[in-house]
Amino acid sequence: MTKSNKTNNAKTLSPEQREELLGTLKSRFEKNMSRHNGLEWAKIQAKLEANVEKLWSLNEMERTGGEPDVVGHDKETDEYIFYDCSAESPKGRRSVCYDREALESRKEHKPENNAIDMAAAMGIELLTEEQYREMQELGKFDTKTSSWVKTPANIRKLGGAIFCDRRYETVFVYHNGADSYYAARGFRGSLRV
């Protein structure tokens with residue numbers, strides 16, 4: 001019985017962790033109103049409190065340096081959309097290659113992890129190129145770093161992956177071998193609650 005309880009509670013936060021995270025998210029929400037005009041924190045908090053696994057995922061985003069914030073509301077599904085809004089690619093998610101296949105293909109100097117598996121373990125999705133561009137409308141992100149983004153299957157099938165950054169007041173999309181990794185490249189995620 002104890003073993004199954006441990007498994008069931010793996011993706012929950014203690015009451016103290018929950019309160020601390022909600023306080024951090026509320027403060028960030030209030031400081032960055034331009035990211036979410038017309039949205040009310042009370043409604044978002046109620047959604048978060050009703051979705052403990054999503055709250056755990058947001059805590060993982062926060063713990064790894066993502067500084068998650070609300071960037072929109074999908075009226076059709078009544079879901080709030082969070083993106084990692086840290087100024088630079090999250091520190092706790094850098095130096096990773098794109099996916100497990102890329103990681104396993106490296107013969108030496110393997111990174112410790114990969115973006116796709118890390119995101120899945122956190123319960124989030126990598127930003128798409130379109131989402132990345134939308135995020136850049138809300139501020140200036142990745143001016144010194146870069147972030148892997150969800151790569152189209154036809155590019156990945158050929159061994160590549162794409163990443164984005166912002167330089168010269170412009171968002172750039174680049175390609176690399178999916179097995180490459182750099183200290184200044186991580187990934188940004190999204191979460192719907």
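Contact here means heavy atoms within 4.5 Å, and the helices and strands named on this tour are DSSP runs (H or I of at least four residues for helices, E of at least two for strands), numbered from the N terminus. What you have open is a predicted model, in which local features need pLDDT of at least 70 and side-chain atom pairs count only at pLDDT 80 or more, while totals for chains, interfaces and linings use all residues. Residues are numbered from 1 along each chain as its sequence is written, and side-chain values use heavy atoms, with hydrogens and water left out.

**First stop: helix α4**

Select residues 52-63, which form helix α4. This helix has 12 residues and reaches 16 Å from its first C-alpha to its last, close to the 16 Å expected at 1.5 Å a residue, where the expected span is 1.5 Å times one less than the number of residues. Now colour Leu 55, Trp 56, Ser 57, Leu 58, Asn 59, Glu 60 and Met 61, the buried residues of α4; buried means under 20% relative accessible area, exposed over 50%, and partly exposed in between, with a 1.4 Å probe and protein chains only. These buried residues pack against α2, α3 (41-49), β1 (68-74), β2, α6 (115-122) and β8 (189-192).

**Second stop: α2 and its two partners**

Two packed helices are described by the angle between their axes and the distance between the axes. Axes are lines fitted to C-alpha atoms, for helices over the stretch in contact, and angles run from 0 to 180 degrees between N-to-C directions. Add helix α2 (residues 15-31), which packs with α4 at an angle of about 70°, the axes being 11 Å apart. That makes α2 roughly perpendicular to α4, since angles of 65 to 115 degrees count as roughly perpendicular, under 35 as roughly parallel, over 145 as roughly antiparallel and the rest as oblique. To see the contact, show Arg 18, Leu 21, Leu 22, Thr 24, Leu 25 and Arg 28 in α2, which meet Leu 55, Leu 58, Asn 59 and Glu 62 in α4.

Next select α3, which packs with α2 at an angle of about 150°, with the axes 11 Å apart, and the two helices are therefore roughly antiparallel to each other. Here Leu 22, Leu 25, Lys 26 and Phe 29 of α2 make the contact with Trp 41, Ile 44, Gln 45, Leu 48 and Glu 49 of α3.

**Third stop: after α4**

Move to Gly 65, just after α4, which takes a positive phi of about 95°. Most residues other than glycine have a negative phi. Glu 67, in the loop between α4 and β1, nevertheless has a positive phi, near 50°, and is partly exposed, with a relative accessible area of 35%.

**Fourth stop: Gly 92**

Gly 92 sits in the loop between β2 (79-84) and α5 (100-105), and at 44% relative accessibility it counts as partly exposed. Leaving out residues up to four places away in sequence, Gly 92 touches Thr 64 and Met 118.

**Last stop: Gln 136 and Asp 142**

Finally, select Gln 136 in helix α7 (residues 129-136), a buried residue with a relative accessible area of 5%. Apart from neighbours within four places in sequence, Gln 136 is in contact with Phe 141, Asp 142, Arg 166 and Val 171. Of these, Asp 142 lies in the loop between α7 and β4 (146-149), has a positive phi near 55°, and counts as buried at 0% relative accessibility.
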